[in-house]
Amino acid sequence: MLVVEIDAGAEAENDDLLRLFGFGEVRTVEARRWLAQQLGSEEIAVEVQDLEGLEEEILRLLATFPPERVLSAYTPEQRLAGLSPEQRMAGLSPEQRLAGLSPEQVLLALPDDVLRALSDAYVDTLSAEARAAIRARIGR
């Protein structure tokens, strides 16, 4: 009987296909492509939940790709799902945070103390919705 440690054998032979079955980092596009073909093949006829450790292997494989490439497979909504508003806005300048908002929406983003400093004459120039929202927040 011959026993071979997969990681050591893969390194010694520089065999990326063998690395797929160990813990070494896959280095070639060909090996990734082969694994993707095998995972997507209908010929395998195995239920995904029956493949023990598959999720870990897929995550390990995904980690070899640049994050931009992995994220390009998802819609912007899918990329942001599960993030808090603070996490979604992290790293953005104030100008970037307000980009695309109307002047009235920018006003509604201001703190209540700043809204209280607005004159009634100015508030009266705003749309009915903006006036109602400001007055509800500042109590006048």
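This is a short walk through a few residues, two nonpolar cores and one surface patch in the structure shown above. Please keep in mind throughout that what we are looking at is a predicted model.

I would like to begin with Arg19, which sits in helix H2, a helix covering residues 16-19. Is Arg19 buried or exposed? Its relative accessible area is 1%, and because buried means under 20%, Arg19 counts as buried. If we set aside the neighbours within four places in sequence, the residues in contact with Arg19 are Ala10, Glu11, Asn14, Gly24, Glu25, Arg27 and Arg60. Within helix H2 there is also a partner for its side chain, since a polar contact of 2.5 Å joins the side chains of Arg19 and Asp16.

That brings me to Asp16, which lies in helix H2 as well and, with a relative accessibility of 8%, is likewise counted as buried. What does the side chain of Asp16 have close to one of its polar atoms? The backbone nitrogen of Thr28 lies 2.4 Å from such an atom, and Thr28 also appears in the list of residues that Asp16 contacts beyond four places in sequence, together with Glu25, Val26, Arg27 and Ala31.

Just before this helix, in the loop between helix H1 (6-13) and H2, we find Asn14, which has a positive phi of about 50° although it is not a glycine. Asn14 is exposed, with 55% relative accessible area, even though it is one of the residues in contact with the buried Arg19.

Let me turn now to the nonpolar side chains. In soluble globular proteins, such side chains tend to be buried together. Here the largest nonpolar core has 8 residues, namely Leu107, Leu115, Leu118, Val123, Leu126, Ala130, Ile134 and Ile138, and helix H12, residues 128-138, gives the most to this core, with 3 residues. A second core, separate from that one, has 5 residues, among them Leu20, Val26, Leu35 and Leu61. Returning to the largest core, Ile134 touches Leu108, Leu115 and Leu126, once residues up to four places away in sequence are left out.

Finally, some nonpolar residues are found on the surface, where Ile6, Leu17, Phe21 and Trp34 form a patch with about 360 Å² of accessible area together. Of these, Trp34 has its place in helix H3, residues 29-40, and at 31% relative accessibility Trp34 is classed as partly exposed, because that class covers values between the 20% limit for buried and the 50% limit for exposed.

Methods: Residues numbered from 1 in each chain as written. Predicted model: local features only at pLDDT ≥ 70, side-chain atom pairs only at ≥ 80, totals over all residues. Heavy atoms only, no water. Patch = residues over 30% accessible without salt bridge, like charges linked within 9 Å, V, L, I, M, F, W, Y side chains within 5 Å. Areas by Shrake-Rupley, 256 points an atom, 1.4 Å probe, with all protein chains shown as cover. Salt bridge = Lys/Arg side-chain N within 4 Å of Asp/Glu carboxyl O. Helix = DSSP H or I, 4+ residues; strand = E, 2+ residues; numbered from the N terminus. Buried < 20%, exposed > 50% of the residue type's maximum accessible area, 1.4 Å probe, protein only. Polar contact = N/O pair within 3.5 Å; in protein donor to acceptor, adjacent residues only side chain to side chain. Contact = heavy atoms within 4.5 Å. Core = buried A, V, L, I, M, F, W, Y, C linked by side-chain atoms within 4.5 Å.
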